[in-house]
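Work through the exercises below with the sequence and the model at hand. Try each task before reading its solution.

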Amino acid sequence: MPLLVGLHSFVSDLPQKSLHDLGFAELVEVLAADGVKAHHAKALWRTLHRDGALDLAACEFSGPLKRWVENSVGEGRRFFLDEPELVDEIRSTDGLTRKFLLRLRDGQTIETVLMGYDGRHTVCVSTQAGCAMGCVFCATGQMGFVRHLRPGEIVAQVLHARRVLRTIDPKRHLRNLVMMGMGEPLHNYDAVITALSVISEVRGIGIGPSKIAISTVGVVPSILRLADEQRPYRLAVSLHGSTEEERAALVPASKRWSLAMLIDACRTYGQVTGKRIFFEWTLIAGKNDSPETAHRLVELLRGIDAHINLIPLNPTGGFAGSESLAGHEFQKILIGGGFPCTFRQRRGIDVAAGCGMLKAEKRTR
Ligand code: SAH
Ligand code: SF4
């Protein structure tokens, strides 16, 4: 019958959604709409996020949940699971950093890094394929923007890193997360916030909100939104310049959101949330590493509860990192100006897993 044929094609044409895209409350709602009780939703949530299961058909569920999974998850059904394919894994020579090249359902590749230092493990996730911001010293920026990641694609990176960590040492926990991989998290605000609510939920992955850092190039409206919504995460702002000119030469996005607007937004963020802001500063020889720049930075940040993280430039071509003497002089001036200022450890440089080196290319062997 034409009507039934039409209905059938309507049902199977419904866009599939990833179960990993759903926050806890949304999962409860989805199951409730199909008459499945909340305690089953809790069991499914634990399976997905605490256990990290990917083969739900093989899981021991009680009757109603088992039936729901059979009817709703899988090829041609309403839901699927985000299970990125591992294309390549590269380990640093010190064995402490692993970079994963992951392929998403549409073939896009992204990178995720697992770092283990001082017994603490941190995952660095991508939030976009490519990036629209075009910072001149950043490999991702030079690729251009491809697309936003969905929440489930962000969550799946954490699940992958944790799975690997469990194989290395089942007793170790993944405690920290930084959004410093490919992409600009605050250009993909809603997906990032949904993903973080999933990642920090205590019955699931359970990374504490205070152990999560969102790093931004300075998307001013989104910084104000984070403050307004009192989001509990740490904020890191990639500054790199102490004048409009100095910054614009490195960070094209500052033509849209000027340094003055960004610093204003940071002041507001600090006042509204009472939280410290971490400023990131990639030291580039002859561009932003002079003592004058350091003194200007002290004046610029005065009154903000700020910690400055100095990042040695990782080679991406075209730019040279600062001499270590210039870097230490820079640090001394900031500390003298009253700001805590530390050097970011260089991590995984030999596997091109350092900041800004995450380029979605399979390495040539
Ligand atoms: N888009 C966000 C987060 C991803 S970039 C942001 O810009 O903050 C994470 C950090 O890596 C940023 O501080 C960025 O400035 C830094 N970075 C980019 N390229 C780099 C490079 N070649 N060497 C060192 N740090 C770099
Ligand atoms: Fe994008 Fe951050 Fe790279 Fe700039 S530094 S291009 S904002 S990923």
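**Exercise 1. Which residue takes a positive phi in the hairpin of β4 and β5, and which strands flank β5?**

Solution. Start at the turn. The hairpin of β4 and β5 has 5 residues between its strands, and Gly107 has a positive phi near 95 degrees. This is a predicted model, in which local features need pLDDT of at least 70, side-chain atom pairs count only at pLDDT 80 or more, and totals for chains, interfaces and linings use all residues. Residues are numbered from 1 along each chain as written, chains are lettered from A and ligands numbered from 1 in written order, and side-chain values use heavy atoms, without hydrogens and water.

Next, take the pairing. Strand β4 (residues 97-103) runs antiparallel to β5 and is joined to it by 7 bridges. Strands are DSSP runs of E with at least two residues, helices runs of H or I with at least four, both numbered from the N terminus; two strands pair if DSSP finds at least two bridges between them. Arg98 has Leu114 of β5 as its bridge partner.

Now the other side. Strand β6 (residues 120-124) is also antiparallel to β5, with 5 bridges. Gly116 stands opposite His121 in β6. The hairpin of β5 and β6 has 2 residues between the strands; there Asp118 takes a positive phi near 50 degrees.

**Exercise 2. Is strand β5 enclosed or open?**

Solution. Count buried residues (under 20% relative accessible area with a 1.4 Å probe, protein chains only; exposed is over 50%, partly exposed in between). In β5 (residues 109-117), 9 of the 9 residues are buried, so the strand is largely enclosed by the rest of the structure. Then check both faces. Thr109, Glu111, Val113, Met115 and Tyr117 point one way, Ile110, Thr112, Leu114 and Gly116 the other, and all are buried.

**Exercise 3. How many aromatic pairs does the structure hold?**

Solution. There are 3 aromatic pairs. Rings of Phe, Tyr and Trp (its six-membered ring) pair with centres within 6.5 Å; planes under 30 degrees apart are stacked, over 60 edge-to-face, the rest tilted. Take Trp68 and Phe79. Their ring centres lie 5.7 Å apart and their planes meet at 40 degrees, so this pair is tilted. Trp68 sits in helix α4 (residues 63-72) and Phe79 in strand β2 (residues 79-80), 11 residues apart. Trp68 is buried at 5% relative accessibility, and Phe79 is buried at 6%.

Move on to Trp281 and Phe330. This pair is tilted too, at 5.6 Å centre to centre and 35 degrees between the planes. Trp281 belongs to strand β12 (residues 277-283) and Phe330 to helix α12 (residues 324-336), so the pair ties together parts 49 residues apart in sequence.
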